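Please look at the structure shown here with this short report beside it. The sections below take up a few side chains and the sheet in turn.

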Amino acid sequence: MASKTVKVGSSVGLHARPASIIADAASEFDEDIFLNLAGEEEDEETDAASSLMIMALGAEQGDEVVVTSENEEAVEKIASLIEQDLDS
């Protein structure tokens with residue numbers, strides 16, 4: 001399982017617009033992609049293909065998010081989106 005920890009770059013955190021962009025990108029992959037806040041239990045993983053679940057994480061700018069998947073390319077793609085300010 002591939003995993004990467006990144007900091008949220010969006011000024012409003014992972015709210016509506018960033019969550020939608022991330023979920024759309026995650027939906028392009030066949031493998032499941034999961035997000036969770038760094039330091040949280042693994043059973044708190046969030047499906048990255050669901051914008052509502054991403055918003056429910058409550059991740060704010062600067063929070064660390066762990067991206068995991070069987071697909072390393074998917075992890076890199078989603079991690080890079082989380083690091084960007086997707087509100088501009």
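## A partly exposed pair of charges

In this predicted model, E76 has a relative accessibility of 39%, and because buried residues lie under 20% and exposed ones over 50%, E76 counts as partly exposed. Its partner is K4: the side chains of E76 and K4 meet in a salt bridge, with 3.1 Å from N to O. This pair links distant parts of the chain, since E76 belongs to helix 3 (residues 72–83) and K4 to strand 1 (residues 2–7), 72 residues apart.

K4 has a relative accessibility of 29%, so that K4, too, is classed as partly exposed. The structure holds one salt bridge, and as a general point, side chains of opposite charge can pair when their charged atoms come close.

## The start of strand 1

A2 has its place in strand 1, and with a relative accessible area of 16%, A2 is buried, because the limit for that class is under 20%. The C-alpha atoms of A2 and V75 are separated by 6.8 Å, although the two residues are 73 residues apart along the chain. Within the sheet, A2 has S69 of strand 4 as its bridge partner.

## Order and pairing of the sheet

Four strands form an open sheet in the order 1-4-2-3, and the pairing is antiparallel. Strand 1 and strand 3 are the edge strands, each of them pairing on one side only. In general terms, strands of a sheet pair through backbone hydrogen bonds, either parallel or antiparallel.

Strand 1 and strand 4 pair in the antiparallel sense over six bridges. Strand 4 (residues 64–69) is in turn joined to strand 2 by five bridges, and these two strands also run antiparallel. Along this second pairing, N36 has V66 of strand 4 as its bridge partner, while L37 stands opposite V65 of strand 4. Strand 2 is joined to strand 3 (residues 46–47) by two bridges, again with the strands running antiparallel, and here F34 stands opposite D47 in strand 3.

## Burial of strands 2 and 4

Which strands are largely enclosed by the rest of the structure? In strand 2 (residues 33–37), four of the five residues are buried, so this strand is largely enclosed by the rest of the structure. Strand 4 is likewise largely enclosed, because five of its six residues are buried.

## A negative patch at the surface

D30, E31, D32, D47, E70 and E73 form a negative surface patch. One member of the patch, D47, is found in strand 3, where D47 stands opposite F34. D47 has a relative accessibility of 34%, and therefore counts as partly exposed. Membership of a patch requires over 30% relative accessible area and no salt bridge, and the structure's one salt bridge is formed by the side chains of E76 and K4.

Terms used
Residues are numbered from 1 along each chain as its sequence is written. This is a predicted model: local features need pLDDT of at least 70, side-chain atom pairs count only at pLDDT 80 or more; totals for chains, interfaces and linings use all residues. Side-chain values use heavy atoms; hydrogens and water are left out. Buried means under 20% relative accessible area, exposed over 50%, partly exposed in between (1.4 Å probe, protein chains only). Two strands pair if DSSP finds at least two bridges between them. A salt bridge is a side-chain nitrogen of Lys or Arg within 4 Å of a carboxyl oxygen of Asp or Glu. Patches are made of residues with over 30% relative accessible area and no salt bridge: like charges are joined within 9 Å, nonpolar side chains (Val, Leu, Ile, Met, Phe, Trp, Tyr) within 5 Å. Accessible areas come from the Shrake-Rupley method with a 1.4 Å probe; for residues, only the protein chains shown count as cover. Lys and Arg count as positive and Asp and Glu as negative; His and the chain ends are not counted. The place of a charge is taken as NZ of Lys, CZ of Arg, CG of Asp or CD of Glu.
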